[in-house]
Amino acid sequence: MDSWTADIWNGNEEECKRILNEPGNWEKVPLLFDDKIALGTFVRFKGMIQDILNPEYYSSNFKIINSENDEFTLCQAKYHSSTKNLKPGEEVVFGDTMMERQVFACIPIPGLNEWAKDVTNTNQNAEAQLEENINKRIRLDPACQKYFKEIFIFVYPEDIHSDELKLNQIIEVVGFLDRRIIQEDNGDLEEQSSRAKETHCIHAVQLKLLKNLIPDNEETYKSIWNDASNIHAELKFVLTQALLGDSLVADYLLFYLVSTIYNRQNILVPGKFSLNIRGIPRGIGQSYTKHLYSLISYLVVKSEYLPIQIHTMNNMDMIPRKCYTSNRLLNGFLQLSDRTHLVLDETDLQPGNLDNKGMLNLEALKNIISDQQMKYDFTYYGIDYETQIPTLTLSIGKSLLPFDIDIVLKPDPSCSDVEETMKSVHDYLKSQLPLLDKLRKYIAIISTFPFKYEQDILKVIENDFVKMRMADPKNVSTNDLHILLMISKLIALCSGKNEFDNAIWESGKSLENQRKLRNK
């Protein structure tokens, strides 16, 4: 495969497909990471669909004619963005048959944590990775958002069905590296203009839609499910230590990490679990929250950290925006793929005024937290896009942002030394790398297992809820029922059980009673 070119693929397509699809061969295709790979190389790229451009048309073949002797070479244009380098005296004549290809603008996966990348520095040990995550992409300056390089993916409808591809999905493609000229927005909102730039593109021959970046083979699923109870206990131990000895908050943080949206129906978003951990001691503030985020980013596949500050809200480009000059959707901080854990830190929020941009950014955050959707800016109108971005807000008092569940942190006096406590958590994980691998897989997949509700337990739940409403009609709502059902389901799945029983329902009620008593 190292010697494959677009012309070789065009001439031997079935044989090339057979070789590519043999077990293990897909992974042997080199990943595209930098500009040093030669054009025409057969490469692999994994990224997020950031924009979907209009289809473009190309001539299916062309002739290179030597004007001196009228000899010509017939070439196929498929998998090429431009004609080959011409020699003196040669000219190109395009054929009459026009074909269509779809164009996707992709970027490296936002929020992808170092440990989850395909290739890491072989000299980088677990300790260095963990410490690096403390400052991983904490993007305070809007200019920092342009760290990525954009790749255009050309998809040919006769090879790949692209109808199901949507914005913000993660894809992996193999194809031939090329380059092309595009129009780039100059970033000036007042005076929109564009300039030409050259960028890389890949002519895809095959494409995979990735719903989970953790290897999801049957053996992995079976192993995690069978050992779920033990892994749950280990994860709760780690989180309890990281939460300064608070085991109750550890339960809710664990639920936040594993939760996922399911059976979405219009405005109903079952499984949404936005959490506010409040009561962060004033004396430790962002020093502690950054350590906590570092740990979270070491456990989940994708995450982002956003300090809620007046300067940040007023200056950061959070909302994707359409530029009509370049006819492109411009990336915003909040354009994230499904199950990117977003940690919002309010512990250093100071008094101040939000300008118009700050208000729009605040509204975007509220919509994600409350409805799991965001309105993209198309200048003259907005378009709502569904999101699946689990949000965790860390605050001293009750969060200024909405939440589904809030809980007060009660540190154990024995964990008063934050630096030492967090160091002990790090040291434990560094010494238990096989366990760490299990924890990561568990968080990624445990909530995706099938779950069922038997009719008998549903009747018990219904009767219990009626009694709760009669006892406290002012403070018990259908939202409380939704939270109880969600908590109980997560308790079951986290323990390796795929159905409700009375014990699980009672555990869910007990947890919620403890949380509400603490919050009073």
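Glu 172 sits in strand 8, which spans residues 170-185. In this predicted model, Glu 172 has a relative accessibility of 6%, so Glu 172 counts as buried, the cut-off being under 20%. What does the side chain of Glu 172 make polar contacts with? One partner is the side chain of Trp 26, at 3.4 Å. Another is the side chain of Arg 44, at 2.6 Å. Once neighbours within four places in sequence are set aside, the contacts of Glu 172 are Trp 26, Arg 44, Phe 45, Lys 46, Gln 206, Leu 207, Lys 208 and Leu 210. Trp 26 and Arg 44 therefore appear both in this contact list and as side-chain polar partners, at 3.4 Å for Trp 26 and 2.6 Å for Arg 44, with the cut-off for a polar contact being 3.5 Å.

## Salt bridges

Side chains of opposite charge can pair when their charged atoms come close. How many salt bridges does a search of the whole structure find? The count is 28. Here are three of the pairs, with the distance between their closest N and O atoms.

| Basic residue | Acidic residue | Closest N and O atoms |
|---|---|---|
| Arg 18 | Glu 15 | 2.6 Å |
| Lys 236 | Asp 251 | 3.1 Å |
| Lys 430 | Asp 427 | 3.0 Å |

Let's take them in turn. Arg 18 and Glu 15 share helix 2 (residues 13-20), where they are 3 residues apart, about one turn of the helix. Arg 18 is partly exposed, its relative accessible area being 43%. Glu 15 is partly exposed as well, at 38% relative accessibility.

The salt bridge between Lys 236 and Asp 251, at 3.1 Å, links distant parts of the chain: Lys 236 belongs to helix 6 (residues 228-242) and Asp 251 to helix 7 (residues 247-258), with their positions 15 residues apart in sequence. Is each partner buried or partly exposed? Lys 236 is partly exposed, with a relative accessible area of 24%, whereas Asp 251 counts as buried at 10%.

Lys 430 and Asp 427 bring us back to a pair within one helix, namely helix 11 (residues 418-430). The two residues are 3 apart in sequence, so about one helical turn separates them. Lys 430 has a relative accessible area of 24% and is partly exposed; Asp 427, at 30%, is partly exposed too.

Beyond these pairs, Arg 278, Asp 406, Glu 512 and Arg 515 are joined in a network of salt bridges.

## Cysteines

How many disulfides does a search of the whole structure find? The result is 0. Why does Cys 106 have no such bond? The closest cysteine sulfur to that of Cys 106 belongs to Cys 201 and is 12 Å away, too far for a bond, since a disulfide needs the sulfur atoms within 2.5 Å. Cys 106 is buried, with 0% relative accessibility. Cys 415 is buried also, at a relative accessible area of 10%.

## Confidence

The mean pLDDT of the protein is 88, and 90% of the residues reach 70 or more. Residues 118-127 have pLDDT below 50, and beyond near neighbours in sequence this stretch has 12 contacts in the model. Residues 133-147 also have pLDDT below 50, and the corresponding count for this stretch is 35 contacts.

Notes
Residues are numbered from 1 along each chain as its sequence is written. This is a predicted model: local features need pLDDT of at least 70, side-chain atom pairs count only at pLDDT 80 or more; totals for chains, interfaces and linings use all residues. Side-chain values use heavy atoms; hydrogens and water are left out. A salt bridge is a side-chain nitrogen of Lys or Arg within 4 Å of a carboxyl oxygen of Asp or Glu. Helices (H or I, at least four residues) and strands (E, at least two) are DSSP runs, numbered from the N terminus. Buried means under 20% relative accessible area, exposed over 50%, partly exposed in between (1.4 Å probe, protein chains only). pLDDT is the predictor's confidence in each residue, from 0 to 100. Contact means heavy atoms within 4.5 Å. A polar contact is a pair of N or O atoms within 3.5 Å; within protein, one must be able to donate a hydrogen and the other to accept it, and residues adjacent in sequence count only if both atoms are side-chain atoms.
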